[in-house]
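Colleague: Before I rely on the words used for this model, I would like to hear how each of them is justified. Could we go through them one at a time?

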Amino acid sequence: MNERMGERAYARRRKIERGRLIEYHLPVSPRMTALKIRVIRPILTLGLRVLGLYRHGYRQFHNIRVRRNTLAIRRLPDAFEGFTLLQMSDLHIDLDATLVDSVAAAIAGLQYDVCVITGDFRNSTIGAWDAVVPPMRRLVEQIRAPVYAVLGNHDFADMVPPLEAAGVRFLVNESTAVERDGAALYLVGIDDPNIYATHDFDHALRRVPSGAIRILLSHSPAIFREAAARGFEVLLAGHTHGGQVCLPWGGILVRNDKSPRRFLRGAWRHGDLQGYTSSGTGSCGIPIRFNCPPEVTLHTLQHAP
């Protein structure tokens, strides 16, 4: 992982991860994480049940929508006309393992060429992560295409080997060529640019030929300016959950990303950069959603006029 991610980024990530392992056992910490997990979250869950809202939110948690988005790219090789990426994000799959069945039902019958997962496989940011592996193994069995992914701010680097053994190919400041009929485009994945700040564009691009079509996978859309400056055609991200709990007209109540509001959900553009921020396929903290359905997204490539 040191060579794959880059020495400096890997050292920084491991240092933060060690602190998060220790934090799990601390009743009081700067971010009060243990208090949120052991006290505040159960109180919120109880409150929702008492108000009769939990069941409704849980139904919305399982009501996964299929979104469709077109990415019009100049210089797109003819071989990639109609090429489709299935995006999932923010699964937090150990929060409620029954989510696997809902995702499997949502993607059954869909046509796509590759699947990309833009981070946050687990629910907690601290403590053990092992519980993500069995449900992810089950989910990968339902995906009928190669699976590529990046780590999110909830994930640990130690998750990479077992999840890769399950069939998920991680891009940790790395790239991979996707070939079709003699043509190629590149998927480029950067490590979490938000909490860990371990993204390294230079390292990720080191094997990408000049002039190649490049699609960037990032857990957060916060690096949209640098992605545009480096000439990426597309940025696919997640992290925001689209708000997860929103007002009836979709207004986001709580923001967890420093990006401008228009980058927090759905399709957007910044100069020549086309972006899409997934509302997430799972939920964080409590398995509920209000006025913000979870999603899987089909991105179809086509020639720009």
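**From values to words**

Modeller: Being 3 residues apart in helix 2, Arg14 and Glu17 are separated by about one helical turn. Please keep in mind throughout that this is a predicted model.

Colleague: What makes the contact between Arg14 and Glu17 a salt bridge?

Modeller: The term asks for a side-chain nitrogen of Lys or Arg within 4 Å of a carboxyl oxygen of Asp or Glu. The N to O distance for Arg14 and Glu17 is 3.1 Å, so the pair meets that cut-off and is called a salt bridge.

Colleague: Why is Arg14 called partly exposed, and how do you know whether Glu17 is buried or exposed?

Modeller: Buried means under 20% relative accessible area and exposed means over 50%, with partly exposed in between. Arg14 has a relative accessible area of 23%, so it falls in the partly exposed class, whereas Glu17, at 3% relative accessibility, counts as buried.

Colleague: How do you know that Asp191 and Arg13 form a salt bridge, and which parts of the chain does the pair link?

Modeller: The closest N and O atoms of Asp191 and Arg13 are 2.7 Å apart, and the cut-off is 4 Å, so the pair qualifies. The pair links distant parts of the chain, with Asp191 in the loop between strand 7 and helix 8 and Arg13 in helix 2, 178 residues apart. Both Asp191 and Arg13 are buried.

Colleague: What does the salt bridge between Asp202 and Arg230 tie together?

Modeller: The closest N and O atoms of Asp202 and Arg230 are 3.0 Å apart. Asp202 lies in helix 8 and Arg230 in the loop between helix 9 and strand 9, so the pair ties together parts that are 28 residues apart in sequence. Asp202 counts as exposed at 53% relative accessibility, while Arg230, with a relative accessible area of 28%, is partly exposed.

Colleague: Which residues are joined into one network by salt bridges that share partners?

Modeller: That network consists of Arg13, Arg14, Glu17, Asp158 and Asp191. By the rule we have been using, the count comes to 14 salt bridges.

Colleague: Turning to the backbone, what makes the phi values of Asp181 and His239 worth stating?

Modeller: Phi of Asp181 is near 50°, a positive value in a residue other than glycine, and phi of His239 is likewise positive, near 75°, again in a residue other than glycine. Asp181 is found in the loop between strand 6 and strand 7, and His239 in the loop between strand 9 and strand 10. Asp181 is called exposed because its relative accessibility is 73%, where the limit is over 50%; His239, at 4%, counts as buried because the limit there is under 20%.

Colleague: Why is Phe170 called buried, and what does Phe170 touch?

Modeller: Phe170 has 0% relative accessibility, under the 20% limit, so it counts as buried. Phe170 has its place in strand 5, and, leaving out residues up to four places away in sequence, it touches several residues, among them Arg4, Phe121, Val150 and Leu163.

Colleague: For the whole chain, how do you know how compact it is?

Modeller: The chain has 9 helices and 12 strands. Its radius of gyration is 19 Å, close to the 19 Å that the globule rule gives for 305 residues, so the chain is as compact as a globular protein of that length. Buried residues make up 57% of the 305 residues.

Methods: Residues are numbered from 1 along each chain as its sequence is written. This is a predicted model: local features need pLDDT of at least 70, side-chain atom pairs count only at pLDDT 80 or more; totals for chains, interfaces and linings use all residues. Side-chain values use heavy atoms; hydrogens and water are left out. Helices (H or I, at least four residues) and strands (E, at least two) are DSSP runs, numbered from the N terminus. Buried means under 20% relative accessible area, exposed over 50%, partly exposed in between (1.4 Å probe, protein chains only). The radius of gyration is taken over C-alpha atoms; the globule rule is 2.2 Å times the number of residues to the power 0.38. Contact means heavy atoms within 4.5 Å.
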